[in-house]
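Me: I've got a protein model open and I'd like to practise reading it. Can we go through it together, one question at a time?

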Amino acid sequence: MEVTCPTCQSPLDVQGNHAHCERCERDFTLEPRCPTCHKPLEVLKACGAVDFFCQHGHGLISKKSVEYILVD
């Protein structure tokens with residue numbers, strides 16, 4: 001997943017659901033969104049696996065298709 005800083009467009013260092021910009025020295029939170037309705041997803045964690053679930057009728061979402069938005 002390649003995420004860029006909204007301020008300087010540099011690549012962000014992503015660690016889990018957090019991202020850091022070395023150039024701007026800013027931290028961001030990544031929020032998973034449904035690729036169909038663009039609403040926040042519920043994160044399900046079990047036995048080391050992470051799954052995403054849309055509570056708005058789209059069911060389980062593949063982690064490859066999840067959209068992420070940056071939250072300050």
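Me: Let's start at the front of the chain. Where is Q9 found?

Reply: Sure, and keep in mind that this is a predicted model. Q9 has a positive phi of about 65 degrees although it is not a glycine. As for its place in the chain, Q9 sits in the segment before β1.

Me: Is Q9 buried or exposed?

Reply: Look at its relative accessible area, which is 52%. To count as exposed, a residue has to be over 50%. So Q9 is exposed.

Me: Next, the hairpin of β1 and β2. Which residue there takes a positive phi?

Reply: Strand β1 covers residues 13-15, and three bridges join it to β2. The two strands run antiparallel, and V14 has A19 in β2 as its bridge partner. Two residues lie between the strands of this hairpin, and the one with a positive phi, near 65 degrees, is G16.

Me: β2 also pairs with β3. How many residues are between them in their hairpin?

Reply: Four bridges link β2 to β3, and the strands run antiparallel. One bridge to look for pairs A19 with F28 in β3. E25 is in the turn, with a positive phi of about 55 degrees, and the number of residues between the two strands is four.

Me: What about E25, is that residue buried or exposed?

Reply: E25 lies in the loop between β2 and β3. E25 isn't a glycine, although its phi is positive. Its relative accessibility is 66% and the cut-off for exposed is over 50%, so E25 counts as exposed.

Me: Now the inside. Which residues make up the largest nonpolar core?

Reply: In soluble globular proteins, nonpolar side chains tend to be buried together. Here, β2 (18-21) and β3 (26-33) each supply at least two residues of the largest core. There are seven residues in all: V3, C5, L12, A19, C21, F28 and L30.

Me: Which residues are on the covered face of β2?

Reply: β2 has two faces, and the uncovered one has H18 and H20. Both residues of the other face belong to the largest core. The covered face is A19 and C21.

Me: How many residues does the second core have?

Reply: This core is separate from the one we just met. It includes C34, L41, C54 and V66. Its total is six residues.

Me: On to R33. Which side chain does the side chain of R33 make a polar contact with?

Reply: R33 lies in strand β3. Its side chain reaches the backbone oxygen of H38 at 2.8 Å, and R33 also touches residues including K39, P40 and L41. The side-chain partner, at 2.6 Å, is E31.

Me: Last bit, the open sheet of three strands. Which are its edge strands?

Reply: The order is β4-β5-β6, with antiparallel pairing. Neighbouring strands in this sheet are turned by 40 degrees against each other on average, direction ignored. An edge strand pairs on one side only, and here those are β4 (42-46) and β6 (59-61).

Me: And what is the bridge partner of E42 in β5?

Reply: Strands of a sheet pair through backbone hydrogen bonds. Five bridges join β4 to β5, which covers residues 49-54. In β5, the partner of E42 is F53.

Notes:
Residues are numbered from 1 along each chain as its sequence is written. This is a predicted model: local features need pLDDT of at least 70, side-chain atom pairs count only at pLDDT 80 or more; totals for chains, interfaces and linings use all residues. Side-chain values use heavy atoms; hydrogens and water are left out. Two strands pair if DSSP finds at least two bridges between them. Axes are lines fitted to C-alpha atoms, for helices over the stretch in contact, and angles run from 0 to 180 degrees between N-to-C directions. A nonpolar core is a set of buried Ala, Val, Leu, Ile, Met, Phe, Trp, Tyr and Cys residues joined through side-chain atoms within 4.5 Å. Buried means under 20% relative accessible area, exposed over 50%, partly exposed in between (1.4 Å probe, protein chains only). A polar contact is a pair of N or O atoms within 3.5 Å; within protein, one must be able to donate a hydrogen and the other to accept it, and residues adjacent in sequence count only if both atoms are side-chain atoms. Contact means heavy atoms within 4.5 Å. Lists of a residue's contacts leave out its neighbours within four places in sequence.
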